[in-house]
Amino acid sequence: MAQVTVRINGYSYVVGCKDGQERHLQAMAQEVERRIERIRAIGGQSGESRILALAALLMADEIHDLSAEKMPEDTSRQLTEARQVRVENDRRREQLALLVERAESIATALERD
C-alpha cells in the first residue's frame with residue numbers, strides 16, 4: 001500500500017492508497033482544494049471544519065447534477081443493446097461448454113473401446 005501526502009486547506013495529510021493510485025489521489029486532493037478556493041473567493045473565511053463541509057457540499061451537488069442528467073436516448077439504446085449482446089454471448093458460452101463436455105465424454109468412451 002502506498003502512502004501519499006496531500007495538502008488540503010493549508011494542512012498536510014498522509015493518506016494510504018493502492019499502489020499506482022498515487023497520482024489519482026493527488027488529483028482528487030487538488031479537486032477538493034479547488035472547491036475550497038472557490039469558497040474563499042466568495043467570502044467564506046470561516047473555520048476549517050466549515051470550509052471543508054462547504055467543499056464537500058459543493059462536490060456532492062456536482063455529483064448530484066451529473067447523476068441527474070438524463071442519458072441521451074442513443075446512448076441508452078446502445079447500452080441496452082450491448083447488455084443484450086452480452087447476455088446472448090454468455091448463453092452461447094454456456095452452450096459451447098456443454099458441447100465441449102459432451103465431446104470429451106464421447107472421446108473418452110471411444111478411447112476405452
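What share of the 113 residues of the chain count as buried? The answer is 14%. Keep in mind as you read that this is a predicted model. Here are some points to follow with the structure open beside you.

1. **The overall plan.** Start with the secondary structure, which comes to 3 helices and 2 strands. Going along the sequence, you meet them in the pattern β-β-α-α-α. The radius of gyration is 27 Å, whereas the globule rule gives 13 Å for 113 residues, so the chain is more spread out than a compact globule. You can also picture a box drawn along the principal axes: the C-alpha atoms fill roughly 85 × 40 × 20 Å.

2. **Two domains.** The chain is divided into domain 1, residues 1-70, and domain 2, residues 73-112. Between the C-alpha centres of these two domains there are 45 Å. Helix H3 also covers residues 73-112, so try finding that helix when you look for domain 2.

3. **The two faces of strand S1.** Strand S1 takes in residues 2-8. On its covered face you will find Ala2, Val4, Val6 and Ile8. Gln3, Thr5 and Arg7 belong to the uncovered face. This is a nice example to keep beside a general rule: side chains in a regular strand alternate between the two faces of the sheet.

4. **The hairpin.** Strand S1 is joined to strand S2, residues 11-17, by 7 bridges, and the two strands run antiparallel. To see one pairing for yourself, locate Gln3 and then its bridge partner in S2, Gly16. The hairpin has 2 residues between the strands.

5. **Asn9, a residue worth a second look.** Asn9 sits in the loop between S1 and S2. Its phi is near 55°, a positive value in a residue other than glycine. As background, most residues other than glycine have a negative phi. Is Asn9 buried or exposed? With a relative accessible area of 8%, Asn9 is buried, since the cut-off for buried is under 20%.

6. **Salt bridges around Glu31.** The whole structure contains 8 salt bridges. One of them links Arg34 to Glu31, with 2.5 Å between the closest N and O atoms. These two residues are 3 apart in helix H1, which spans residues 22-41, so about one helical turn separates them. Glu31 also meets Arg35 in a salt bridge, again listed at 2.5 Å from N to O. Arg35 and Glu31 are 4 residues apart in helix H1, about one turn of the helix.

7. **How accessible are these partners?** Arg34 has a relative accessible area of 41% and is partly exposed. Glu31, at 24%, counts as partly exposed. Arg35, by contrast, is buried, with a value of 10%.

8. **A pair in helix H3.** Which residue does Arg91 meet in a salt bridge? Its partner is Glu88, at 2.2 Å from N to O. Both residues lie in helix H3, 3 residues apart, which is about one turn of the helix. Arg91 is partly exposed, with a relative accessible area of 37%, and Glu88 is partly exposed at 25%. Going back to the group around Glu31, salt bridges that share partners join Glu31, Arg34, Arg35, Arg38 and Glu62 into one network.

9. **A nonpolar patch on the surface.** Leu96, Leu99 and Val100 form a nonpolar patch on the surface, and together they have about 280 Å² of accessible area. Leu99 belongs to helix H3. Why is Leu99 called exposed? Its relative accessible area is 54%, and the cut-off for exposed is over 50%.

10. **One distance to check.** Finally, find Glu22 in helix H1. Glu22 counts as partly exposed, at 27% relative accessibility. Glu22 and Asp61 are 39 residues apart along the chain, and their C-alpha atoms are separated by 26 Å. You could trace the chain from one to the other on the structure.

Definitions and conventions:
Residues numbered from 1 in each chain as written. Predicted model: local features only at pLDDT ≥ 70, side-chain atom pairs only at ≥ 80, totals over all residues. Heavy atoms only, no water. Buried < 20%, exposed > 50% of the residue type's maximum accessible area, 1.4 Å probe, protein only. Pairing = 2+ DSSP bridges. Patch = residues over 30% accessible without salt bridge, like charges linked within 9 Å, V, L, I, M, F, W, Y side chains within 5 Å. Areas by Shrake-Rupley, 256 points an atom, 1.4 Å probe, with all protein chains shown as cover. Salt bridge = Lys/Arg side-chain N within 4 Å of Asp/Glu carboxyl O. Domains from an automatic or database assignment. Rg over C-alpha atoms; globule rule 2.2 N^0.38 Å.
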